[in-house]
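Trainee: I should like to go through the terms used for the space around a ligand and ask what justifies each of them.
Mentor: Please do; let us have the structure in view before we begin.

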Amino acid sequence: MKHKTGFIFDLDGVIVDTAKYHYLAWKKLADELGIAFTEKDNERFKGVSRKRCLEILLEMGGIVASEEQFNAWLIEKNKDYLDYINTMDETEILPDVPKVLRYLKTKNIPTALGSASKNAKPILEKVNLLSYFDTVVDGNEVSKAKPDPEVFIKASEKLGTKPEHCVVFEDALAGIEAANTAGMTSIGIGDAEVLSNAKFNFVDFTEIDDNFLESLLDRVSTND
Ligand code: BG6
Ligand code: MG
């Protein structure tokens with residue numbers, strides 16, 4: 001028997017190349033606080049909420065902050081991040097993402113965004129992709145950060161699809177863990193070594209063709 005399937009996409013690092021802007025904004029704050037922060041350190045920040053990222057950064061620097069100071073740094077980081085985001089346009093959509101979204105639209109497959117970011121909707125609007133998604137679950141709606149599966153479970157509920165009939169595209173280790181814990185089919189986009197616990201791995205969407213999507217749909221819709 002074939003079940004209704006749902007495709008869930010992470011945003012940062014999957015749909016748009018915003019991971020570099022998050023890094024630059026955190027790096028600026030880290031420099032101000034005298035904390036060494038590299039792109040490798042930034043891997044731990046991928047998929048992780050803004051608040052949790054700052055907690056990790058301060059732990060790295062051995063800094064204890066008052067609640068007021070903590071919140072001020074959160075605002076400062078987001079302001080710097082938004083300065084980058086405000087200049088974004090469609091050229092920052094990652095390669096072949098529209099191809100896959102269009103394929104799913106022509107097949108009437110429900111799609112959701114499942115992101116830890118509180119800036120998800122404005123970013124999708126900026127790059128003109130909001131209309132491709134039937135629903136958006138973002139950092140404003142979830143209380144537990146990835147690797148907790150809350151964001152993906154909420155997305156599957158909103159789509160009216162059971163977790164075992166959902167596919168998740170993710171670039172973060174925490175996101176793959178969240179998808180696996182939710183019982184969904186995880187697809188790692190990026191470095192296969194970092195994302196080795198994904199069910200399938202691709203460097204980017206240029207490696208995903210209609211044949212693969214067809215077989216994926218077959219496989220996921222018949223999961224019992
Ligand atoms: C995730 C990013 O998508 O969103 C994280 O991978 C980021 O790096 C998180 O910290 C929260 O984003 P925002 O836009 O709410 O600060
Ligand atoms: Mg991501």
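Trainee: Which of the 16 residues around ligand 1 come nearest?
Mentor: This is a predicted model. Among the 16 residues around ligand 1, the nearest are D12, V48, S117, K118 and N119. A residue enters this group because one of its heavy atoms lies within 4 Å of the ligand.

Trainee: What makes the approach of S117 to ligand 1 a polar contact?
Mentor: A polar side-chain atom of S117 and an oxygen atom of ligand 1 are 2.6 Å apart. The cut-off for a pair of N or O atoms is 3.5 Å, so the pair qualifies. N119 also brings a polar side-chain atom to an oxygen atom of ligand 1, at 2.7 Å. For V48, a backbone N or O atom lies 2.7 Å from an oxygen atom of the ligand. Both distances are within 3.5 Å, and therefore these pairs qualify too.

Trainee: How much of the area that ligand 1 exposes when taken alone does the protein bury?
Mentor: Taken alone, ligand 1 exposes 390 Å², and the protein buries 97% of that.

Trainee: Why is ligand 1 said to sit in the largest pocket?
Mentor: The term requires that more than half of the atoms of the molecule lie within 2 Å of the grid points of the pocket; ligand 1 is assigned to the largest pocket because it meets that criterion. The space in this pocket is about 530 Å³. It is lined by 29 residues, of which V48, S49, R50, A116 and S117 are closest to its centre. α1 (19–33), α3 and α4 each give two or more residues to that lining. In the shell around ligand 1, at least two residues each come from α3 (50–61) and α4 (67–85).

Trainee: What is the make-up of the ligand shell and of the pocket lining, by residue class?
Mentor: The shell around ligand 1 has five nonpolar, six polar and five charged residues. The lining of the largest pocket has nine nonpolar, 10 polar and 10 charged residues.

Trainee: What makes a space a cavity and not a pocket?
Mentor: A 1.4 Å probe fits in a cavity but cannot get out, whereas a pocket is open. One cavity of 30 Å³ or more is found in the whole structure. The largest cavity holds about 30 Å³ of space. Its lining consists of S115, A116, V142, K144, A145, K146 and V151.

Trainee: How do the residues of that lining divide by class?
Mentor: The lining of the largest cavity has four nonpolar residues, one polar and two charged.

Key
Residues are numbered from 1 along each chain as its sequence is written. Chains are lettered from A and ligands numbered from 1 in the order in which they are written. This is a predicted model: local features need pLDDT of at least 70, side-chain atom pairs count only at pLDDT 80 or more; totals for chains, interfaces and linings use all residues. Side-chain values use heavy atoms; hydrogens and water are left out. On a 1 Å grid over the protein atoms alone, a cavity is a set of points where a 1.4 Å probe fits but cannot get out, and a pocket is an open set with protein on both sides within 12 Å along at least five of seven lines; lining residues have an atom within 4 Å of a point. Grid points are joined across faces, edges and corners, and a volume is the space filled by probe spheres set on the points. Ala, Val, Leu, Ile, Met, Phe, Trp, Tyr, Cys and Pro count as nonpolar, Asp, Glu, Lys and Arg as charged, and the others, Gly among them, as polar. A polar contact is a pair of N or O atoms within 3.5 Å; within protein, one must be able to donate a hydrogen and the other to accept it, and residues adjacent in sequence count only if both atoms are side-chain atoms. Accessible areas come from the Shrake-Rupley method with a 1.4 Å probe; for residues, only the protein chains shown count as cover. Helices (H or I, at least four residues) and strands (E, at least two) are DSSP runs, numbered from the N terminus.
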